[in-house]
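Hi everyone, thanks for making time. I'd like to walk you through a structure that's probably new to most of you, so have a look at the picture first.

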Amino acid sequence: MAGNKSYTIVEYFGGDDGYRCGYCKNAIGNFSHGMWSHTMTVQDYQDLIDRGWRRSGKYVYKPIMNKTCCPQYTIRCHALKFQPSKSHKKILKKMSKFISGGELPTEQNDGEPMDSVCEEEGPREPSKVCPAEVKCAAITDIQKEVAECPTITEVQKEVVDAAPASSETSREDSVSAPDGRTTATAPKPGVGADPSRPPCRKAKDLRKERRLQKEQMRHADGVSSIPTPTQTNQPKTLEDFISESLPDNSSHCLEVRLVPVSFEDPQFTASYQQSAALYARYQMAIHGDEPCECNETQFRRFLCDSPLEAEHSPDGPEVGYGSFHQQYWLDGRIVAVGVIDILPTCVSSVYLYYHPDFASLSLGSYSALREIAFTRQLQKQSPKLSYYYLGFYIHSCPKMRYKGQYRPSDLLCPETYVWVPIERCLPHLENSRYARFNQDPDAGDARALKDVGRALVLYRRAVMPYAAYSRKRKGSSDEAEVQQYGGLVGQDCAERILLYRA
């Protein structure tokens, strides 16, 4: 970020102890490296999630992929190339029916497990750094320079018409039977196909045949078969479907507001208590939490306390970078909140909580579709911001495979940290929980730690490379720990992030 002089400050905890897994419920099978982030730049976090890290509040963790019971692979969707699937369109139509007609669907929610907020990861409170040291005089010259962040309200009828860069998906046509077709009596059980009826044919073939018949009729009438722009069957974009799901004349009013996670923001503070109450209600109803597990302290710790420094850049989006709550207001009250991070090249989904009474609306999938559309909107202002990160893909947990339905998408190779299309990854995951996706045997980590001495540390309110720190400590005994930390964050981050040393 041009003009940004902030530093990331972390405490590294290692990853020797096992914790309870929220997916397979193994009591001690969940292993991850962790660090507490007192403050973090959006570029550093972007680089960290591109190496398999993920945050929960201010705790940043990286699963030990070849050791943990349920390997968690970072997944990203190419937002510009995304086209909603048949099931996604069904969800948008369900929302449209509810908004216009006013009645909730009667069917049960189709099951959208949300990411755990990582309480099983064992996030530890910092035990070493006092606030004075984080904001010490030695680094006052690198404090952040943040512009005023405007309040952004995304109203239902103001969906940006951001068409994807390329698409090969055609529009869903309604299926109708050929003219003159009559309904025949069903054959008796065990008899087989009814010989009095023509053989079954696919709707796609029937549509193709009808189009061909129309073309032949136009030729016979002397009409040109060259389609005009209005005749061309252009595929609908995601924005088209979202706009259709929010009709003008409706029984309900749905509004989406983007609110910076900051207690200095009036919108955030005004809606804080309502949002915290919604979180508690969701956790108890959907995840079975006890009240003490989802009280205001827990809500603030996991979903309001963010290490990310709000930043603005000349080539960035108008709303800036940082952590936000995307609030879904229905008829004047909050019914869902999507917690997101806006980073230099992506929108990263952190968590979603919603009112249990609206579970049948599939709000998990609906909010993901809205966040993909929002990513495309931001990309118009910042061209490099073109990905939507869905957190972790966990193939060994069938309920978590839904994230793979947002195509095209990639999984992060846990050894070389290159992105591989999910279609190429799935066969490997069918054979083994842990897999290296990069099939080049000679490929390695291009950003591997090469010189631990260049890693930056914060020691006694002074910033210095680890080599200088080691000389001051006359042969420090923590080189192995710093070496491990540097290998996990990579050389580039190790030379920018300040690792706190007592």
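**A walk through the fold**

Let's start with contacts: among those in the protein chain between residues at least 6 apart in sequence, 72% join residues at least 24 apart. Before I go on, please keep in mind that this is a predicted model. The protein chain has twelve helices and 16 strands. Of its 502 residues, 50% are buried.

Okay, the sheet. How many strands form the open sheet, and in what order? There are seven, and they go β3-β4-β2-β1-β16-β14-β15, with mixed pairing. At the edges you'll find β3, residues 54–56, and β15, residues 462–465; each has a single partner strand, so one side of each is left without a neighbour in the sheet. From one strand to the next, the twist averages 40 degrees.

Now let's step through some of the pairings. β1 and β2 run antiparallel and are joined by five bridges. If you want a spot to look at, find Ile9, whose bridge partner in β2 is Thr39. β2 also pairs with β4, again over five bridges and in the antiparallel sense. There, Trp36 stands opposite Tyr59 in β4. And is β2 mostly covered or mostly open? Mostly covered: eight of its eight residues are buried.

Over at β14, residues 456–459, four bridges make the link to β15, and those two strands run antiparallel. Leu456 has Pro465 as its bridge partner in β15.

One helix to spot here is α11, residues 479–489. This helix lies across β1, β2, β4 and β16, and runs at about 110 degrees to β1. Just after the sheet strand β2, have a look at α1, residues 42–49, where six of the eight residues are buried. Those are Val42, Asp44, Tyr45, Gln46, Leu48 and Ile49.

On to the inside. As a bit of background, in soluble globular proteins, nonpolar side chains tend to be buried together. In our model, the largest nonpolar core has 119 residues, and the members that touch the most others are Met35, Ile342, Tyr353, Tyr406, Leu411 and Phe437. Which helix gives the largest share of this core? That's α8, residues 363–381, with eight residues. Take Tyr406 as an example: not counting residues up to four places away in sequence, Tyr406 touches Cys77, Phe82, His88, Ser365, Ala368, Leu369, Ile372 and Leu390. Apart from the largest core lies another one, of five residues, with Ile9, Leu456, Leu458 and Leu498 among them. You've already met two of those in the sheet: Ile9 was the partner of Thr39, and Leu456 was the partner of Pro465.

Let's stay with α8 for a minute, and bring in α2, residues 86–101. These two helices pack at an angle of about 100 degrees, with their axes 10 Å apart. They are therefore roughly perpendicular to each other. On the α2 side we have His88, Ile91, Leu92 and Met95, and they meet Leu363, Ser365, Tyr366 and Leu369 in α8. What kinds of residues make up that contact? Six are nonpolar, two are polar and none are charged.

There's another strand I want to show you: β7, residues 254–260. Six of its seven residues are buried, so β7 is largely enclosed by the rest of the structure. β7 pairs with β8, residues 322–330, in the antiparallel sense over seven bridges. In that pairing, Leu258 has Gln326 as its bridge partner in β8.

Last stop, a couple of cysteines. Cys425 sits in helix α9, residues 422–431. With 0% relative accessibility, Cys425 counts as buried. Leaving aside neighbours within four places in sequence, Cys425 is in contact with Leu411, Val420 and Phe437. Leu411 and Phe437 should ring a bell, as they were on the list of core residues that touch the most other members. Cys413 is twelve residues from Cys425 in sequence, and 9.0 Å away in space, C-alpha to C-alpha.

Then there's Cys397, in the loop between β11 and β12. Its relative accessibility is 13%, so Cys397 counts as buried. How far apart are Cys397 and Cys70 in sequence and in space? They are 327 residues apart in sequence and 7.4 Å apart in space, C-alpha to C-alpha.

That's my tour, thanks for listening.

Note on methods. Residues numbered from 1 in each chain as written. Predicted model: local features only at pLDDT ≥ 70, side-chain atom pairs only at ≥ 80, totals over all residues. Heavy atoms only, no water. Pairing = 2+ DSSP bridges. Axes fitted to C-alpha atoms, helices over the stretch in contact; angles between N-to-C directions. Contact = heavy atoms within 4.5 Å. Core = buried A, V, L, I, M, F, W, Y, C linked by side-chain atoms within 4.5 Å. Buried < 20%, exposed > 50% of the residue type's maximum accessible area, 1.4 Å probe, protein only. Parallel < 35°, antiparallel > 145°, perpendicular 65-115°, else oblique. Nonpolar A, V, L, I, M, F, W, Y, C, P; charged D, E, K, R; others polar.
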